[in-house]
Amino acid sequence: MTQPTYTFTDGKAYERMMGRWSKIAGDQFLDWIDAPKGKSWIDVGCGNGAFTEVLIARTAPAAVTGVDPSDGQIAFARERPGAKLAQFRTADAQALPFPDKSFDNATMALVIVFLSDPLKAAQEMARVVRAGGIVTTYMWDYPEGFPLRPVGEAMKSLGLGPSAPPNVDAARADSMRRYWTDAGLEAVETKEIRFRISYSSFDDFWESTAVPMGSVGTAIAKMSEETRERLKAKLREQLPMASDGSISYEAAANAVKGRVA
């Protein structure tokens, strides 16, 4: 099957680095799509289940199936107390192993930039959703809206910029609209989601962002100790740090929704 071009494999590390921000953005996302209650859902690219928990808590679904290409992420998701209702399995967003019209609704959180063929994923979600159901996604607005943006900016200023996700153009609102329209979905709408990222201290910030996964964490893990200290010093200069040592700045995501004809 066609695998995504990038996967996350450590559910616990992902939770420390990004899971909490996924939940905050996920709440706003679900408010916007006005997700109906009591329906069956497929959560495509569910990762470690951070968004799956939010989906279950907010929509009281009849059933949820979460799919992700990473066995490690799926294993973590299965242990989440708030995701016990869901059934999880390893699968590819671009080749969903389900018959047509298997679910009432489909969603995909923070995945689209890691797919080699986002349109195929939109088509697959539309295929497995029944007529009248919604198909939705959201993704960080790269680079300005990315929660780890300060690290990338500091690395770039030191000539150490991390590699970007493979398909950042897919995160743009106009790209999402095009994928959804080309997949045959109706009543397609997009929205920008904005919220604040907050850390209690520089240590909290560093320990969250330096976990060895994703483009940023992997780049940091490969640095020498001297280079890491240079990066930390640059971050201390550039981060918006309050008098009590806390750090807060804005992040943003783009979202799209459409209805199956």
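In the predicted model, G38 is in contact with T59, A60, P61 and A62, when its neighbours within four places in sequence are left aside. The residue is located in the loop that lies between α1 (11-33) and β1 (40-44). The relative accessibility of G38 is 45%, and G38 therefore counts as partly exposed, the limits of that class being 20% and 50%. Between G38 and A252 there are 29 Å in space, taken from C-alpha to C-alpha, and the two residues are 214 apart in sequence.

The strand β1, which follows the loop of G38, belongs to an open sheet of seven strands. The order of the strands across this sheet is β3-β2-β1-β4-β5-β7-β6, and their pairing is mixed. Two strands, β3 (87-90) and β6 (186-199), form the edges, each of them pairing on one side only. From one strand to the next, the twist averages 20°. Strands of a sheet pair through backbone hydrogen bonds, in either a parallel or an antiparallel manner. The edge strand β6 runs antiparallel to β7 (residues 247-259), and twelve bridges join the two. One bridge involves R196, whose partner in β7 is E250. At the other edge, helix α3 (residues 71-78) lies across β2 (63-68) and β3, and its direction is at about 170° to that of β3.

A further feature of the model is the packing of two helices. Two packed helices are described by the angle between their axes and by the distance between those axes. For helix α7 (residues 202-209) and helix α9 (residues 225-238), the angle is about 130° and the axes are 12 Å apart. At this angle α7 is oblique to α9. The crossing of the two helices, α7 and α9, is right-handed. On the side of α7 the contact is made by F202, D203, F205 and W206, and on the side of α9 by R228, L231, K232, L235 and R236. Of the residues in this contact of α7 with α9, five are nonpolar and four are charged, while none is polar.

The accessibility of α7 was also examined. The buried residues of this helix are F202, D204, F205, W206, S208 and T209. Because six of the eight residues of α7 are buried, the helix is largely enclosed by the rest of the structure. Among the buried residues of α7 are F202, F205 and W206, which also take part in the contact with α9.

Notes. Residues are numbered from 1 along each chain as its sequence is written. This is a predicted model: local features need pLDDT of at least 70, side-chain atom pairs count only at pLDDT 80 or more; totals for chains, interfaces and linings use all residues. Side-chain values use heavy atoms; hydrogens and water are left out. Two strands pair if DSSP finds at least two bridges between them. Helices (H or I, at least four residues) and strands (E, at least two) are DSSP runs, numbered from the N terminus. Axes are lines fitted to C-alpha atoms, for helices over the stretch in contact, and angles run from 0 to 180 degrees between N-to-C directions. Contact means heavy atoms within 4.5 Å. Angles under 35 degrees count as roughly parallel, over 145 as roughly antiparallel, 65 to 115 as roughly perpendicular and the rest as oblique. A crossing is left-handed if the near helix is turned anticlockwise from the far one by less than a right angle, and right-handed if clockwise. Ala, Val, Leu, Ile, Met, Phe, Trp, Tyr, Cys and Pro count as nonpolar, Asp, Glu, Lys and Arg as charged, and the others, Gly among them, as polar. Buried means under 20% relative accessible area, exposed over 50%, partly exposed in between (1.4 Å probe, protein chains only).
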